[in-house]
Amino acid sequence: MTSDPAQPFRTEGEPSGRAFRIGLLGHGTVGGALAELLPSRADHIAAITGIRPEITGVHTRSNGTTAAEVIAGADLVAELIGGLEPARTYVLEAMAAGKHVVTANKQLLAHHGEELWAAAREHGVQLRFEAAVAGVVPVIRVLQESLSGAHIDRVTGIVNGTTNFILTRMAETGATYADALQEAQQLGYAEADPTDDVNGKDAAAKMAILARLAFDTPVHITDVAYEGIEHLTGDDMAYAKDLDLGLKLIGTAERVEGGIAVRVHPAFLYRGHPLASVNGPYNAVTVESEAITEITMSGPGAGGPQTASAVMGDIISAMIPPASTPETTQSLAVVKDVESAFYVHLEVADRPGVLAQVAQVLGLQGASVKSVVQKGLGENARLVMVVHPLLESKMLAAVELIAGLDFVRGRPRVIRVIEEQFV
């Protein structure tokens, strides 16, 4: 049987074909895991594709081998350096040299994706990036291939394992945010500097990529409104139980009024939502379309071996190349002001008429109260409520007015509530 990549398939036991040379840029957690994983699977890959993958060069900042040397000796370059530069330059140089590229770099794609995909099309090479979003969850392949003909209405996801672990521990054990973060760092779920994870930036980059694929329109990280979990408290977790809600960091990309809205923020979920039961360092993504109703995919969202497994899947796909990511055909407006239900937490002095005044202010902005929990007495009472959906701008205006009431102690805490339950 020929070893031509256009006719790659063999049966087990047949002699392997030509070598497929892989240049590795970066040898950290993921790069090191890939360097261990790939040789252990090379025989199997050769048996089913007729091509044997092998790492022919590795570039790090200190090993003396230049990126140019690694690129020159490779059929495919795996960019696992991270960051924007020199990763962007290396990827462009590799594609200009006719080399396929696999990357796990979500920030690179969220900032420069259109430039890189255009370069891949120009030079007739693959740019694959399954590992950039949700670890081993195959959401990229599903959006690009399985659902490529579907009119997707919304993509919702838990796409950061660090924050999901922290929120799970806070809910399950009553741990403070600081203690849960420290545990995540000790277990290797959080970096020594977890800033991009806990402030929502990491998830925002991933949602920019998913939105681009789902809606066939350019989306960059600057189009994504995001906030993190640093301000959440044990009180929020306790009241969530009273209201039968779970708290997650949620990314949403959806069609709104002829455009799209893409955002990342903490949100309460009712127990029937498919993402409500996703706990620990796991990721999950729900895709909604009239044609399919909804599909939810979940799995480990981080870790060297898991991410390396996704990278290797992309390498195998590039060995049997379909077309690269096509140019977008849409140019949809980004909508910033969208409707949501909200959880509102107020520290108040317990006086007659407090709830009525708060409800009146909410009513002036078109908000109505769905449920209320009140605890405490005297000057240290707490009033927690869920309000029905309204525009975020209206809710923020109401919060400003409520904060100015004389019986309110401190700024109200507001968290979005996702009402879909899919049951």
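Two strands pair if DSSP finds at least two bridges between them. The model discussed here is predicted.

Q: What makes S4 and S5 a pair?
A: The cut-off is at least two bridges. Strand S4 (residues 100-103) and S5 have two bridges, in the parallel sense. Therefore they count as paired. Val101 stands opposite Leu127 in S5.

Q: Why are S2 and S5 called edge strands?
A: The open sheet has five strands, ordered S2-S1-S3-S4-S5, with parallel pairing. Strand S2 (52-59) and strand S5 (127-128) each have a single partner strand, so one side of each lacks a neighbour in the sheet.

Q: How do you know that H1 packs on the sheet, and which strands are touched?
A: Contact means heavy atoms within 4.5 Å. H1 touches strand S1 (19-25), S2 and strand S3 (76-79). The direction of H1 makes about 160° with that of S2. Angles over 145 degrees count as roughly antiparallel, so H1 is roughly antiparallel to S2.

Q: Why is H1 called oblique to H11?
A: The axes of helix H1 (residues 29-49) and helix H11 (residues 304-319) cross at roughly 40° and come within 8 Å. Roughly parallel needs an angle under 35 degrees, and roughly perpendicular starts at 65. The crossing fits neither class, so H1 is oblique to H11. The crossing is right-handed.

Q: What makes the contact of H1 with H11, by class?
A: The contact has 13 nonpolar, five polar and one charged residues. Arg41 of H1 is among the contact residues, and Arg counts as charged. Leu34 and Leu37 of H1 take part, as do Val311 and Met312 of H11; Leu, Val and Met count as nonpolar.

Technical notes
Residues numbered from 1 in each chain as written. Predicted model: local features only at pLDDT ≥ 70, side-chain atom pairs only at ≥ 80, totals over all residues. Heavy atoms only, no water. Axes fitted to C-alpha atoms, helices over the stretch in contact; angles between N-to-C directions. Helix = DSSP H or I, 4+ residues; strand = E, 2+ residues; numbered from the N terminus. Left-handed = near helix turned anticlockwise from the far one by under 90°.
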